[in-house]
Amino acid sequence: MTSSSHETPGTVDDLLIVGFTEGFGPSAEGEDPWSVQLARVWTLGDFTGKEGSSVLLYPPTGPVARVLAIGLGKREELDAERIRHAAGEAVRAAREVGARRILFSPLGAPAPIDWVDAGAWTLEGALMGAYTHDVFRTEDLADRKVLDNVSIAMPDDQVDAAAPRLARARAMADAVAWARTRINEPGNVLTAETFAQAAVEMTLTRPALKAEILNKADLEQVGCGCLLGVNAGSEAPPRLIIVTYEGPGATDAAPVAIVGKGITFDTGGLCLKGRENMGQMKHDMSGGAAALGTIRLAADLNLPVRLVAIVAATDNMPGAAALKPGDVLKAHNGKTVEVIDTDAEGRLVLADALSYAVSRFKPRAVIDLATLTGSVWIALGTEATGLFTNDDTLGEAVRKAGERVGERCWPMPLWPEHEEIVKSDIADLKNAGARGHSDGISAAAMLKAFVHPTPWVHLDIAGTAWADEPKGYLTQGGVGVGIRMLIEALELGLPVSA
Ligand code: BES
Ligand code: MN
Ligand code: ZN
């Protein structure tokens with residue numbers, strides 16, 4: 001997919017997309033054939049700019065083969081997120097008519113949104129909505145029309161101002177696509193090993209990134225007993241993926257650590273999931289993909305910060321040597337954990353990754369992302385990520401950043417009482433409390449034991465990491481949630497409590 005800032009469509013495959021808010025329609029005076037046509041549709045009342053509505057025009061003359069006019073809804077309700085979603089939705093409609101090249105007029109501009117914002121949000125949503133993952137298809141490829149160019153038409157006097165914002169939108173969509181592809185790759189393709197390879201590969205073309213991969217022997221040596229325990233039932237070896245980023249002119253002494261759950265497939269282990277709950281579990285490495293996608297994007301945007309991304313990668317399998325309920329593991333920081341449920345594997349692998357991050361990198365803040373509990377999915381659905389923290393200033397900064405990019409987080413409690421839930425009768429901690437009781441919170445309470453007192457935010461993305469159906473700029477499958485939020489948060493500065 002290529003994209004450019006201003007081009008004129010010329011071939012029959014081309015499609016021009018224009019947006020209208022309710023009550024602000026096209027005028028027919030002295031304009032090209034499509035706007036004369038659209039003005040007629042508007043006068044008839046067949047298209048009014050209502051959100052989600054659209055009309056496809058085939059002007060009889062002029063350079064544009066097709067025009068898709070889309071409704072943007074009420075003018076006063078138009079914001080960044082609506083524009084992104086409308087652009088993503090429009091791309092889907094464009095694909096249905098077989099367009100190969102599409103040109104957007106910045107949605108919502110020149111009023112109520114200025115050209116540059118509108119152009120950037122339109123491109124961001126359009127490119128995310130244009131994501132596809134077809135590498136496993138071998139049929140019907142020959143005669144499929146492929147969308148291969150998305151452009152934004154900018155007025156001449158806005159081109160210079162828009163250029164960096166459009167480049168940024170492209171970089172963001174590119175990082176999200178990278179993460180989505182990792183997530184969409186099935187468990188037999190994306191293993192801990194190939195996940196680590198993908199991480200190494202992304203550093204090869206980005207000199208500011210350095211990768212370091214710990215294999216099974218390394219993990220034994222540094223004492224990551226929890227990650228090794230989860231891996232015990234698998235034929236595929238585990239990896240701890242470490243990527244560091246040194247931004248230009250970074251002044252912070254200590255980095256921000258971004259830690260991701262990288263379970264490449266979660267069967268539940270011996271506490272096997274039922275077939276209803278197992279199907280989607282290739283996406284249980286979404287947090288890891290987001291951690292790596294974030295550091296990749298930070299490098300592409302040249303952010304002046306220090307970062308480290310750490311992903312604990314393995315599948316969770318019920319092989320002969322598998323972890324059993326009752327087993328006790330020793331984590332990287334020396335704490336012991338009693339395994340109550342082998343399906344609560346995420347907090348185990350994160351325990352090691354968090355402890356490793358804190359002890360080796362002495363970060364000024366830690367943010368982890370994990371598809372950790374069905375409990376948070378049940379509580380918040382697909383609209384919000386569960387946010388847990390030991391530092392309300394940091395938590396609020398991340399929440400605000402998420403709000404700005406359309407990735408909502410909702411604060412969840414984490415009180416001292418919750419820490420009681422994960423105290424074990426025979427070890428320091430246990431990996432689950434009473435079945436079904438505040439599980440998202442007990443998971444967070446266990447993680448806290450491996451990172452406190454470092455300022456920390458835990459993002460439980462179990463409900464937000466996957467889309468069953470396409471919606472706006474979300475395509476079916478992996479969402480790539482977290483990347484844009486964390487980049488926004490890093491740009492805003494990530495304050496912590498004094
Ligand atoms: N990966 C799952 C959580 C999950 C569920 C993510 C649905 C995305 C969608 C996690 O490893 C898990 O199995 N959690 C258990 C924990 C329980 C056994 C304490 C859960 O939530 O049921
Ligand atoms: Mn599990
Ligand atoms: Zn899991």
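Trainee: How are the donor residues of the manganese ion (ligand 2) spaced in sequence?

Mentor: The pattern is D-x76-D-x1-E. Keep in mind that this is a predicted model.

Trainee: Which atoms coordinate the manganese ion (ligand 2)?

Mentor: Asp-266 gives OD, and Glu-345 gives OE. Asp-343 appears with both O and OD. The distances run from 2.1 to 2.2 Å.

Trainee: Why is the arrangement around the manganese ion (ligand 2) irregular?

Mentor: Look at the angles. Six donor atoms surround the ion, and they subtend 71 to 170°. That spread makes the arrangement irregular. Six donors would count as octahedral only with opposite donors over 155 degrees apart and all others between 65 and 115.

Trainee: How far is the manganese ion (ligand 2) from the zinc ion (ligand 3)?

Mentor: The two ions are 3.2 Å apart. Asp-266 coordinates both.

Trainee: Where do Asp-266 and Glu-345 sit in the fold?

Mentor: Asp-266 is in strand S9. Glu-345 is in the loop between strand S12 (336-338) and helix H10 (346-361). So the pair ties together parts that are 79 residues apart in sequence.

Trainee: Is Asp-266 buried or exposed?

Mentor: Buried, because its relative accessibility is 3% and the cut-off for buried is under 20%.

Trainee: And Glu-345, buried or exposed?

Mentor: Glu-345 also counts as buried, at 1% relative accessibility.

Trainee: Let's move to ligand 1. Which residues come nearest?

Mentor: Lys-273, Asp-284, Asp-343, Glu-345 and Gly-374. They belong to a set of 18 residues around ligand 1.

Trainee: What classes make up that shell?

Mentor: Nine residues are charged, five are nonpolar and four are polar.

Trainee: Which side chains have polar atoms facing an oxygen of ligand 1?

Mentor: Here are three. Lys-261 has a polar side-chain atom 3.1 Å from an oxygen atom of ligand 1. For Asp-266, the distance is 2.9 Å. Glu-345 has a side-chain N or O atom 2.9 Å from a ligand 1 oxygen.

Trainee: How much of ligand 1 does the protein bury?

Mentor: The protein buries 86% of the area. Taken alone, ligand 1 exposes 520 Å².

Trainee: Which elements give two or more residues to the shell around ligand 1?

Mentor: Strand S9 (256-266) and helix H11 (374-380).

Trainee: What does Asp-284 contact through its side chain?

Mentor: One partner is Thr-371. A polar contact of 2.4 Å joins the two side chains.

Trainee: Where is Thr-371?

Mentor: Thr-371 lies in the loop between strand S13 (365-370) and H11. Thr-371 is buried, with a relative accessible area of 6%.

Trainee: New topic, the backbone. Where are there cis peptide bonds?

Mentor: One runs from Ala-111 to Pro-112, with omega near 5°. Pro-112 is in the loop between strand S5 (101-104) and helix H3 (115-129). Another runs from His-452 to Pro-453, with omega near 10°. Pro-453 is in the loop between helix H14 (439-448) and strand S17 (456-460).

Trainee: What is phi of Ser-438?

Mentor: Phi of Ser-438 is near 40°, a positive value in a residue other than glycine. Ser-438 is in the loop between strand S16 (429-430) and H14. At 31% relative accessibility, Ser-438 counts as partly exposed.

Trainee: And phi of Leu-494?

Mentor: Near 45°, again positive in a residue other than glycine. Leu-494 is in the segment after helix H15 (483-492). Leu-494 counts as buried, at 3% relative accessibility.

Methods
Residues are numbered from 1 along each chain as its sequence is written. Chains are lettered from A and ligands numbered from 1 in the order in which they are written. This is a predicted model: local features need pLDDT of at least 70, side-chain atom pairs count only at pLDDT 80 or more; totals for chains, interfaces and linings use all residues. Side-chain values use heavy atoms; hydrogens and water are left out. A residue is near a molecule or strand if one of its heavy atoms lies within 4 Å of it. A polar contact is a pair of N or O atoms within 3.5 Å; within protein, one must be able to donate a hydrogen and the other to accept it, and residues adjacent in sequence count only if both atoms are side-chain atoms. Accessible areas come from the Shrake-Rupley method with a 1.4 Å probe; for residues, only the protein chains shown count as cover. Helices (H or I, at least four residues) and strands (E, at least two) are DSSP runs, numbered from the N terminus. Ala, Val, Leu, Ile, Met, Phe, Trp, Tyr, Cys and Pro count as nonpolar, Asp, Glu, Lys and Arg as charged, and the others, Gly among them, as polar. Donors are N, O and S atoms within 2.8 Å of the metal (3.2 Å for Na, K and Ca); water is not among the atoms, so sites may look incomplete. Four donors count as tetrahedral if all angles lie between 85 and 135 degrees; four count as square planar and six as octahedral if opposite donors are over 155 degrees apart and all others between 65 and 115; anything else is irregular. Buried means under 20% relative accessible area, exposed over 50%, partly exposed in between (1.4 Å probe, protein chains only).
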